[in-house]
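Biologist: I am new to this structure and should like to go through it by question and answer. Please take me from single residues to the whole protein.

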Amino acid sequence: MAGSGTTVTRQPSLYPATGQHAIVAVAAPVPEGYTYSVPPEFEGLVVVGARVRVRFAGRRLTGVVTSLLDEVPVELDPRRIRAIDDLLDREAVVPAAVLELSARVAAAYLVGIGEVLALCLPPGGDQVGGRRARLLATKASSPPGCEPVLNVLRGRGEGEWVAARHLEARCPDHPVHASLFALAAARLVELQLEGGGGAPGARRVYLRWNPDTTLEMAQQLTSRAPKQAAAIAGLAQLARERRLEKELIEQLGVTRAVLTGLAAKGVIERCSLTEEAPPTEMMPDDGAGSFNLTPAQRAAVDILMERIESTAGAPVLLHGVTGSGKTEVYLRAAARAVAVGRGVLLLVPEIGLTPQLEQRARAVLGDQVVVVHSRMAAGARARAWWRLRSGQARVVVGPRSAVFSPIENVGLIVVDEEQDSAYKQAERPRYHGREVALWRAELEAATIVLGSATPAVESYAAGQEGKWSLARMPDRVGKRPLPATELVDMRDEWRSSGRSLISRRLEHALALRVETGEQALVMLNRRGFASAIVCRSCGDRGECPNCAVSLTYHRQNSSLVCHYCDHREAVPSLCRQCGATALHDIGHGTQRLQEALVKRFPTARIERFDADQTQRRGAHARILSSFGRGEIDVLVGTQMLAKGHDFAAVTLVGVVGADASLGVPDFRAAERTFQLLTQVAGRAGRGELAGEVILQAHQPDHYAIEAALRHDFEGFYAREIEFRRRLAYPPFSALAVCLCRGKVATQVKEEADRLAAALRAVTGDQARIIGPASPPIGRLRGKYRLHVLVKVRDRAQLPVFIGAGLERLQAEGRRPSDLIVDIVPDSLM
């Protein structure tokens, strides 16, 4: 494709062109990069994997150079090829292996390579906030094209640092960064980049009492400023102690203007320091890296050590029961990989799991470890990213996006809780982190271990068939027993006691823990207070105006919320359909559960751990740290409680609505239910005291519930794999969902029909095309939805067939106007 926006098919026939050219991929839904010319002043500076600024569709975007050309395809008119605007990097920021991985991901999921590369760039993509330059020689002549930048630097004087952002503001529409690289190469300027040792960290403002100011002097200076005078007493207690301005504002209840006024009068002193962000709030040290390994742990470590040394071998599926010590195996293998000079990716499914793994990894691997995830402050994320790219850190802990981390020579990839649906990206580009991790391991000849107490059915099948190596850890560390698990049939409970939320058995068990000082987890996998508000008169359930779902009642802020589109409205006093006042809430959520427990156990310290409570930065770590220190007696939450947490004092796990997910219309419903129950049950009894699990359910006879009661993965797998075999679901097929959306239902139906017909035409009998049909949620975010399922034997066929079908529609001018293609979907919702 040319920079003009013309789509072409690149052919081997080339013609000589003046100067060098580059293929640049930008974050846009286009399959390939575009061709741009390299200006003469950039010659020799542009490298593959570097960021550049280019004009694309009327906008100035940042892209990544994917290849360099000395000749261009004959189909391209040189007069229509635009030039690169600026060069942001002198060296590649995207390693060669990650660049190749991005191309593979783009092809396999039918997305643009630039969309994938956007995940590989430092936070902010084109941010250069830490870059600065200073002039070394004022009278030297400038390299061609660099005069505007050099003149600005001369105006500031020799030796004075000037931020790159200032230069961009003073030299608009000029290649500032390419000029800086050329000037640095000519030794006319010194340049500090984001990844260098001089890259600034976070700027933090501190205050302290001025030692030259007495209390009496301060009172005189503020005699006519009552707000400043009121703050004096608290500030005087600081003495020479330095405190963060932000903390003082909260502590004293004053505004920043009050403190600024006191600093201007000399009462307090202000200083701004550059430093790293404070470390993640940590939990008590659990001795990671120093345990005596069990025989099963030692066998697993030996397998991984051998793979790391030989850089060969199939993926390893580590099937270990909860509490068997999988994390210790990961860290021993990671230490070996680092010792031989290779990098390590430690992937977890959710951000909430990073604090505990970070602490344990640091205990074993020290400052080699950094954490990268989307809830970090932008500056902290950028510093962590550049530490990885520069090689100062060799180990990253993070969720699925960490698979694209810029580490060179990766030797070990860990995918913990590999079965978790959070590894699938819900937005474009819709990649699966587990699949991408396998590809990266293949590209870098790295060892990959995928761990779980409840492996995905597809993963365990790969182990059973010999495609992956299977390592088992069937016992808990220290021969601790798995928790005793009990089922409460809520049908009987309702008939005998009228209870629908907390059974008598669970209440008694909780009372015992509160009395003895032991800890408990209670899970209800639905946030909010109630499922819906219903009119007793006409039955209206208060549906979301944008989605075909009921609004969830959140009592904490007295609102109705759609958990799909985030529509919010106040709780009405009258039914919006019939005007009746007979409104009542139905169903249960974590807010109602917490309220009921607080009422029943008023002296217990009860907290909630769900998406509503952990929205603020640092809330995950704060709640988990408090629980780990024993400052919380009962932690109530959603499935976030189930994943990977290790708290020795937890002796009871209660699950309210254990069978709720069985009602989800998805072929993975039983698997998800079994996994969730087994995982959350595994949080109990991990210390010296035995654990107990109480499941409350209305479908006690379902095989997923029965297997979870017995901690019987093999029994569940035998039933589930037979179900998959009969209906040709994965692993006996590969699936893709093509979802047509739109505001007009008839148009969506027409487009979905044409799509299904095109797919049937190009696949013949090589695929099964199902639909179009309405998914379980037929309208979402104001758009009607119809999906077409594509089922094939070989996963590699999916992008080929779907791509061919879309090309056919494109040629006819009938491609769907709003289409989502989800290859290897994690859900059919």
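Biologist: Does lysine 479 count as buried or exposed?

Modeller: In this predicted model, lysine 479 sits in the loop between strand 18 (469-473) and strand 19 (484-489). The cut-off for the upper class is over 50% relative accessible area. Lysine 479 has 68% relative accessibility, and therefore counts as exposed.

Biologist: What is the phi of lysine 479?

Modeller: Most residues other than glycine have a negative phi. Lysine 479 is not a glycine, yet its phi is positive, at about 60 degrees.

Biologist: How does valine 824 count in terms of accessibility, and where does the residue lie?

Modeller: Valine 824 lies in the segment after strand 34 (819-823). Its phi is also positive, about 55 degrees, although valine 824 is not a glycine. Buried means under 20% and exposed over 50%, with partly exposed in between. Valine 824 has 22% relative accessibility, so the residue counts as partly exposed.

Biologist: Which residue does a cis peptide bond join to arginine 428?

Modeller: Most peptide bonds are trans. At arginine 428 the bond is cis, with omega about 0 degrees. The partner is placed in the loop between strand 16 (410-416) and helix 14 (433-444). The residue joined to arginine 428 is proline 429.

Biologist: In which strand is proline 772 placed?

Modeller: Proline 772 is joined to glycine 771 by a cis peptide bond, with omega about 15 degrees. Its place is within residues 768-773, which form strand 31.

Biologist: Which strands stand at the edges of the open sheet with the order 7-6-8?

Modeller: This sheet has three strands with antiparallel pairing. Each edge strand has a single partner strand, so one side of each is left without a neighbour in the sheet. The edge strands are strand 7 (162-163) and strand 8 (189-192).

Biologist: What is the bridge partner of arginine 134 in strand 8?

Modeller: Strand 6 (residues 132-135) runs antiparallel to strand 8, and four bridges join them. In strand 8, arginine 134 is paired with glutamate 190.

Biologist: What is the radius of gyration of the protein?

Modeller: The protein comprises 24 helices and 34 strands. For 829 residues the globule rule gives 28 Å, and the computed value is close to this, so the protein is as compact as a globular protein of that length. The radius of gyration is 30 Å.

Biologist: What share of the residues of the protein count as buried?

Modeller: A residue is buried when its relative accessible area is under 20%. Of the 829 residues, the share that counts as buried is 52%.

Methods. Residues numbered from 1 in each chain as written. Predicted model: local features only at pLDDT ≥ 70, side-chain atom pairs only at ≥ 80, totals over all residues. Heavy atoms only, no water. Helix = DSSP H or I, 4+ residues; strand = E, 2+ residues; numbered from the N terminus. Rg over C-alpha atoms; globule rule 2.2 N^0.38 Å. Buried < 20%, exposed > 50% of the residue type's maximum accessible area, 1.4 Å probe, protein only. Pairing = 2+ DSSP bridges.
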